[in-house]
Structures are given as C-alpha cells and as structure tokens.
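Me: Could you take a close look at one part of this model with me, the charged pair that forms a salt bridge? I'd like to see how that pair sits in its surroundings.

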Amino acid sequence: MIMSRESVILMLYTALGDSITFGENASSFAKAYPQLAITNLNSHSRSRRVTGYVLAHPGWSSSDLLDAAIWRGSSIISQSDVVSVWIGGVDLVNAALISLKNQQPINSVQHTINYSRNLHALFTQIKRESDARIICCTQYNPFPNSPLSAESINRLNHTTIEIAQNCNINIAPVHTWFEGKQADLIYGYRKGKIEDALSGSLPIHPNDQGHRVIAKRLTPYLFPRKSSR
C-alpha cells in the first residue's frame with residue numbers, strides 16, 4: 001500500500017489462475033473479470049487507486065501456477081495488497097485424460113493428494129512473500145447435466161475449501177454464482193453435458209456476461225468496505 005502526493009492510496013491486485021483468469025473467450029482483455037474488478041474498485045472509491053496484474057495462462061494446472069508464482073510472480077506478489085487464486089479445473093481435466101489413456105477409473109485419491117499439496121504450497125508461497133489479503137475462488141460446473149462432472153467439481157471444491165480454511169484464506173464461492181445460470185454465463189454453452197466437449201471447442205469459459213458476474217460478486221471480497229487494509 002502506497003500513499004501518493006495527492007493522498008490517494010495506491011493498491012495492487014494480483015490475479016493468479018488458468019484460462020478463466022487469463023480471459024479465455026472474453027471478447028477482450030478489458031472484459032475479463034480481473035480488469036472488470038479493478039474498474040469496479042476504482043469506481044467505488046476516490047481515495048483509493050487500484051492497479052492490477054494477471055499471472056495466468058490457458059492450460060495451467062495447480063503445479064504450473066505454483067511454479068509460476070515462485071519463479072515469475074515473486075516480486076509482484078511481494079508488492080500486492082490482495083491476491084486472488086483460481087485454479088484446479090485443468091487438474092481435473094488432466095486426471096480424466098490419464099484415466100482415458102489407461103482405460104481405468106479416475107484416481108480421485110491421487111488427484112486430491114496432488115492438488116491439495118500444490119494449493120497448500122501456493123498459499124504458503126504467497127504468505128511467505130507478502131502480507132496480501134488472499135481470496136480463493138471455487139470452481140463452477142460447466143456441465144451441470146452430467147452427474148460425473150457434478151461429482152468431480154464438488155470433490156474439487158470440497159478440497160479447495162478445506163485447504164483454504166486450514167490456511168486461513170478467504171473463500172469466494174464462485175460455484176454458487178453460476179449454479180443454474182450456466183447457459184447464460186458460459187461461452188458456447190450447449191446441453192450442459194460432458195459430451196459437448198467432444199465437438200471441438202470447449203464450452204467451459206465464462207462469456208462476457210459471466211465475467212461481469214464474477215467481477216461484481218468478487219469485488220467485495222477483494223477490498224471489503226470495513227477492512228482495515
């Protein structure tokens with residue numbers, strides 16, 4: 001947190017994640033949720049000026065994000081006032097691909113162990129580097145009409161929430177913001193079944209409206225009005 005000559009508090013928000021945080025399928029970078037959240041924050045306060053940094057890339061798993069936070073994001077994280085973490089979807093996809101390749105059921109136990117270890121290490125890394133407020137986002141279900149998808153997403157979110165609570169991390173329940181509204185909020189949404197992903201493009205990312213919903217609901221978690229920070 002830096003005080004400018006004009007007595008405006010300068011603050012830095014860093015968004016960590018995968019393709020969703022990167023802004024995949026948003027019509028422009030400016031319409032992805034991290035930038036929209038920054039706009040929301042600045043529009044609600046004249047005494048605070050928030051800037052942002054995005055450390056995210058399509059295809060990143062929790063292991064990839066952990067490596068990026070250590071080797072590429074250390075300096076920016078150390079300067080951050082608030083950090084959001086949204087990861088885990090690719091971990092599920094990778095586990096499913098391994099299952100298909102080996103023609104065996106998904107090894108949910110090993111997947112959970114690996115993901116838990118990486119997420120805990122990521123939170124530890126952020127806390128080691130800074131005193132930033134940390135927000136952990138849960139994952140919405142892009143295929144609500146597939147029981148397997150619902151089961152996998154529920155397991156992922158249960159693990160995410162458990163690790164976040166153990167690390168005293170704030171939780172943003174994104175999955176509840178999308179529940180029952182996926183057809184309106186997901187780019188290329190069709191029948192809400194896993195089979196939809198076999199047609200070529202993956203209907204899993206937020207559309208512009210989805211990003212607006214995320215930004216609007218996430219903003220109060222980033223800098224609560226009653227926060228002392």
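Reply: Happy to help; here is the pair first, and then the chain around it.

This is a predicted model, in which local features need pLDDT of at least 70, side-chain atom pairs count only at pLDDT 80 or more, and totals for chains, interfaces and linings use all residues. Residues are numbered from 1 along each chain as its sequence is written, and side-chain values use heavy atoms, with hydrogens and water left out.

The structure holds one salt bridge, meaning a side-chain nitrogen of Lys or Arg within 4 Å of a carboxyl oxygen of Asp or Glu. Its partners are Glu-151 and Arg-155, at 3.0 Å from N to O. Side chains of opposite charge can pair when their charged atoms come close. Here Glu-151 and Arg-155 lie four residues apart in helix H7 (residues 147-166), so about one helical turn separates them. Helices (H or I, at least four residues) and strands (E, at least two) are DSSP runs, numbered from the N terminus.

How open is the site? Glu-151 is partly exposed, with a relative accessible area of 45%, and Arg-155 also counts as partly exposed, at 28%. Buried means under 20% relative accessible area, exposed over 50%, and partly exposed in between (1.4 Å probe, protein chains only).

As for the wider setting, the chain has ten helices and six strands, and 47% of its 229 residues count as buried. Helix H2 (residues 33-43) has buried residues of its own, including Leu-36, Ile-38 and Leu-41.
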